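Thank you all for making the time this morning. I would like to take you through a pocket and a handful of charged contacts, so please keep the model in view while I talk.

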Amino acid sequence: MSGNLVVSNRGPLTFRAGPDGALVPVPAAGGLASSLHRILAGSGTTWASVTMGAADREAVAQGLMHEDGLDLLPVVIDDETYRQAYDVVANTTLWYCHHHLFDLPHRPRFDHHWREAWEGYRAYNRAMADVVAARAGEGDAVFVQDYHFSLLGRMLSEARPDLRTVHFLHTPFAAPDMLGVLPDDVRAELLDGMAGYSACGFHCHHWEAGFLACYAAARDTSGAPGAPGAPPTFVAPLGPDAGVLEEEAAAPECVAAATALQEEVGGRRIVARTDRMEPSKNIVRGMLAFEELLLAYPEWRGRVVHVAFAYPSRQGLAEYLAYGADVEHTAERINHTYGSEGWTPIVLSLQDDRARSLAALTLSDVLLVNPVRDGLNLVAKEGPLLNRADGVLVLSHQAGAWEELELGGGGALGVNPFDVAGTADALHTALTMDAPAREARAAALRTAVRGRSAADWWADQLAAAQR
C-alpha cells in the first residue's frame with residue numbers, strides 16, 4: 001500500500017541551544033509548517049525537512065528529531081549551502097522574481113558569486129531528492145511545498161519515476177517577462193524542474209495562468225521541439241482553521257489585548273493591518289494612503305488611527321532591514337506631521353505579538369491588505385472571520401485571496417496596490433459606509449471564508465496525486 005511523504009524547507013520541529021547548552025525543542029513558527037502540522041498530526045505521515053542550523057544537526061545526531069504521530073525525516077544541509085540556497089536564491093532571487101520586486105535598474109546582478117549560490121540551490125534540492133528517493137515506498141505520493149524546491153520534480157522523476165509528486169506554490173508565479181530576467185539557462189532549468197512534477201498547484205487561477213504562460217513563452221523563445229511542456233495544474237486556495245482561530249481569539253490573553261488596544265486608540269475608528277515586515281506586503285504605501293486620507297478628507301484627523309503591526313522577518317537579509325527602516329521612518333514622519341496631543345495617527349508595533357494582532361483583526365473598522373503581489377494572504381481571510389465590528393476589507397487585486405473574496409462586488413473593496421490616492425479613497429469609502437452595507441459585506445465574507453478550510457486545501461492535493 002502506497003503512503004504519503006511531505007517535503008518542506010521548515011519542518012514541524014526545530015531546536016535551539018538553551019542557556020546551559022542543552023538542546024531545547026521549539027515548535028514550528030511558520031504559518032505553512034504550523035498549518036500542515038495540524039492537518040498531519042497523528043497521521044503517521046513522513047515529513048522531510050531541512051535542518052535549520054547547528055542545533056538541528058546536533059539534534060539529529062542525538063536522535064531527538066521526533067514528533068508524536070509523524071515520521072520526521074531531517075535532511076542535513078551545511079550552513080553555507082543552506083545560506084546560498086535559502087538566502088541568496090530562494091529569498092532574494094526567486095521570491096523577488098515571483099513577487100515582481102526587482103529594482104531592475106540596479107538588481108539583480110547575476111555574477112559569479114550568484115552562480116555559486118545557484119550551485120548551492122541545486123545541491124540543496126539534490127540532497128532532498130536523495131533522501132526522499134531512498135525513503136519513499138513504491139508508488140508513494142510526495143507533496144512538495146513551495147519555491148525552495150523548484151528543481152526537485154525533475155530530480156525525483158529521474159530517480160524514482162514510480163512516485164506521484166505534487167508541488168504546491170504558496171507564492172505567485174512570475175509573469176513571463178519577469179521570469180525572463182533570470183539567466184536563460186537558469187530559467188530553463190527551473191521550468192524543467194517544475195515540469196518533472198506530476199502536478200503543480202496554486203492558490204488562485206491568476207498564478208496558474210502565469211505559470212502556464214511561462215512555458216508557452218519558453219517554447220516560443222527557444223523554438224526547440226524538446227522544450228518541456230507544463231505539467232498538469234490545479235487551483236486549491238488555503239483556508240484558515242476556523243475553530244482553532246476563534247478559540248485562540250477568545251482566549252483571555254487576546255481578550256486582554258483587545259481591551260488594551262481599545263484604550264490605546266481612545267475609542268477612535270481603526271484601520272488595521274498585520275503583516276510580516278516584508279517588501280511585498282506594501283506597508284509603506286499603505287501608510288502613505290492613510291496620510292493621503294488625512295489630506296484629502298481632513299474630517300478624519302483625530303478620529304481614526306492606523307494600527308500597523310509588522311512582525312520581524314528574514315532579518316539576516318539587508319533588503320528586509322532597509323525596508324523595515326523605511327516603514328519606521330514613514331510612520332514617524334506622518335505622526336510628527338499630523339499628530340496632536342492625545343492622537344497618534346499611526347500606532348506601529350514591530351513585535352511578534354500574536355494576541356495583539358488577533359485583537360486588531362477583531363476590532364478593526366477597516367482591514368487594509370494591499371500587497372504588491374501575494375500568493376494568497378491568509379490575513380485577508382482571518383480578519384473577516386474574527387471581526388466583530390462589521391469591518392470592511394480593503395484588498396489588493398494582486399492578493400491571491402482577491403479571487404475568492406471579491407464576491408461580485410459584494411465582498412472586499414478592491415485596490416490597485418500602487419495607487420496611493422485610490423487606496424485612500426477606498427479607506428474613506430469603507431469608513432463612511434452605512435451600517436447595513438457593512439453588515440451585508442461582513443456576512444458575505446464570513447460565509448465565503450467558512451466555505452474553505454485547510455483540510456479542503458490538503459484534500460485537493462491528495463486528489464491531484466490520485467489523478
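Let me begin with Arg450, which has a relative accessible area of 48% and is therefore partly exposed. I should say at once that what you are looking at is a predicted model. The partner of Arg450 is Glu246, and in this salt bridge the closest N and O atoms are 2.2 Å apart. The two residues sit in distant parts of the chain, with Glu246 in helix α9 (residues 242-249) and Arg450 in helix α17 (residues 435-450), 204 residues apart. Glu246 is partly exposed as well, its relative accessible area being 23%.

A second pair to look at is Glu264 with Arg356, a salt bridge in which the closest N and O atoms lie 3.1 Å apart. Here again distant parts of the chain are linked, since Glu264 belongs to helix α10 (residues 252-265) and Arg356 to helix α13 (residues 354-363), 92 residues apart. Is Arg356 buried or exposed? Its relative accessibility is 17%, and because the buried class covers values under 20%, Arg356 counts as buried. Glu264, on the other hand, has 42% relative accessibility and counts as partly exposed.

The next pair brings us to helix α4, where the side chain of Arg115 meets that of Asp185 in a salt bridge of 2.8 Å, N to O. Asp185 lies in helix α7 (residues 184-195), so that this contact, too, links distant parts of the chain, 70 residues apart. Both partners are partly exposed, Asp185 with a relative accessible area of 43% and Arg115 with 32%. There is also a network of salt bridges, which links Glu119, Arg122 and Glu189. For the model as a whole, the count comes to 21 salt bridges.

Let me now turn to the second largest pocket, whose volume is about 660 Å³. Which elements give two or more residues to its lining? They are α3 (79-98), α4 (112-135) and α12 (318-338), and the largest share, seven residues, comes from α3. In total, 23 residues line this pocket, and those nearest its centre are Thr92, Tyr96, Arg107, Pro108 and Glu319. As for the character of the lining, it divides into 10 nonpolar, five polar and eight charged residues.

To close, I would ask you to keep two items in mind for the discussion: the salt bridge of Arg356, a residue that counts as buried, and the eight charged residues in the lining of the second largest pocket.

Notes: Residues are numbered from 1 along each chain as its sequence is written. This is a predicted model: local features need pLDDT of at least 70, side-chain atom pairs count only at pLDDT 80 or more; totals for chains, interfaces and linings use all residues. Side-chain values use heavy atoms; hydrogens and water are left out. On a 1 Å grid over the protein atoms alone, a cavity is a set of points where a 1.4 Å probe fits but cannot get out, and a pocket is an open set with protein on both sides within 12 Å along at least five of seven lines; lining residues have an atom within 4 Å of a point. Grid points are joined across faces, edges and corners, and a volume is the space filled by probe spheres set on the points. Helices (H or I, at least four residues) and strands (E, at least two) are DSSP runs, numbered from the N terminus. Ala, Val, Leu, Ile, Met, Phe, Trp, Tyr, Cys and Pro count as nonpolar, Asp, Glu, Lys and Arg as charged, and the others, Gly among them, as polar. A salt bridge is a side-chain nitrogen of Lys or Arg within 4 Å of a carboxyl oxygen of Asp or Glu. Buried means under 20% relative accessible area, exposed over 50%, partly exposed in between (1.4 Å probe, protein chains only).
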